[in-house]
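Visitor: Please choose one part of this model and examine it closely, then relate it to the rest of the chain. I should like the criteria behind each term to be given as well.

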Amino acid sequence: FTFIAVAPYTGGVDGLIDAAVVETTDSFGFTFDMGPKSSATEDNVADPDFDLMGSVARTYVEKAATQGPQDLIFRHLLAKININITFVDASGNTLSNAGSVSKILLKNLSTTADYTITFDQNEALSILSKNPAKPESVIFNGTASATLHVVPQNITGTELYLDFTRDGAAFQDFKVVLNWGDKTSYKYNEVYNWNISIGPKNAITFKVEVAPWVENTVNDEDIEII
């Protein structure tokens, strides 16, 4: 028995287009659009931390009567970005009341990916993805922190703008200089922390950290998410 699964099914199928399992290769291909979940419209409530997952499993059965349940280990098909903004003094010490952030704007962010889910040589999950659509923008209002999931992509074309106040002075569409280092390709099932410090005289630092995605168990002990 060959299993290929995508979850969550309810609420996530809007972006699954012409999904079909190819029997000759045991693969499952679909296009997923995160764009509608990244921004609110008249017909849509923003859900930028929506988490799409995938799993595969292959079971060899000799006697159906003695066969137990099939374990499915899900991996996140998206990359997770945590944006953390703090205000600091000239020495880098965090200040609790020096300012506030009213808007976080991300430009040139790919929101659509063509996925192919199949088995690798060890019969474990193998994921391929590419970005066919033009990049879009994602906006967060009234917050100094934000969490969003993005399709796998090269992040170097993304731009970050902030609206904030610091020591009574207001700044709009302030472009943050992003220093990616070697973290330029964001992969599925990985977490990236963007730590932004706003200091005096408009000094802003930006640092990216890659963190492990914490393992979770959902409802049934036979379903594992990593």
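Guide: Eight bridges connect β8 to β14, and the two strands run antiparallel. Strands here are DSSP runs (E, at least two residues), helices are runs of H or I with at least four residues, and both are numbered from the N terminus; two strands count as paired if DSSP finds at least two bridges between them. The model is predicted, so that local features need pLDDT of at least 70 and side-chain atom pairs count only at pLDDT 80 or more, whereas totals for chains, interfaces and linings use all residues. Residues are numbered from 1 along each chain as its sequence is written, and side-chain values use heavy atoms, with hydrogens and water left out.

Within the β8–β14 pairing, Leu-106 has Leu-160 of β14 as its bridge partner, and Leu-105 stands opposite Tyr-161 in β14. Leu-105 also has a bridge partner in β11, namely Ile-139. That contact belongs to the antiparallel pairing of β8 with β11, which extends over five bridges. The strands concerned form part of an open sheet of four, ordered β11-β8-β14-β15 with antiparallel pairing. β11 and β15 lie at the edges with a single partner strand each, so one side of each has no neighbour in the sheet. Direction ignored, neighbouring strands of this sheet are turned by 15° against each other on average; the axes behind such angles are lines fitted to C-alpha atoms (for helices over the stretch in contact), and angles run from 0 to 180 degrees between N-to-C directions.

β8 and β15 are also connected through side chains. Asp-173 and Lys-103 form a salt bridge in which the closest N and O atoms are 3.8 Å apart, the criterion being a side-chain nitrogen of Lys or Arg within 4 Å of a carboxyl oxygen of Asp or Glu. This pair links distant parts of the chain, with Asp-173 in β15 and Lys-103 in β8, 70 residues apart. Asp-173 counts as partly exposed because its relative accessibility is 46%; buried means under 20% relative accessible area, exposed over 50%, and partly exposed in between, with a 1.4 Å probe and protein chains only.

The nonpolar interior involves these strands too. The largest nonpolar core has 30 residues, and those with the most contacts inside it are Ile-83, Ile-104, Leu-160, Tyr-186 and Trp-194. A nonpolar core is a set of buried Ala, Val, Leu, Ile, Met, Phe, Trp, Tyr and Cys residues joined through side-chain atoms within 4.5 Å. Among the strands that each supply at least two residues of this core are β6 (79-88), β8 (99-109), β11 (136-141), β14 (159-166) and β15 (169-176). The largest share, five residues, comes from β6.

Elsewhere in the chain there are further salt bridges, the count coming to eight. Asp-182 is joined to Lys-183, with the closest N and O atoms 2.8 Å apart; Asp-182 is exposed at 63% relative accessible area, while Lys-183 is partly exposed at 28%. Lys-207 and Glu-209 meet at 3.9 Å, N to O, and Glu-209 is partly exposed at 33% relative accessibility. Asp-26, Arg-58 and Glu-123 are linked in a network of salt bridges.

A second open sheet offers a comparison: four strands in the order β2-β3-β9-β10, with antiparallel pairing. Its edges are β2 (20-22) and β10 (125-130), each with a single partner strand, so one side of each is left without a neighbour in the sheet. Its twist averages 25° from one strand to the next. β2 and β3 (residues 27-33) run antiparallel and are joined by three bridges, among them the pairing of Ala-20 with Gly-29 in β3.

Finally, β4 (residues 53-58) and β5 run antiparallel and are joined by two bridges, with Met-53 opposite His-76 in β5. In a regular strand the side chains alternate between the two faces of the sheet. Along β5 (residues 72-76), Leu-72, Phe-74 and His-76 point to one face and are buried, while Ile-73 and Arg-75 point to the other and are not.
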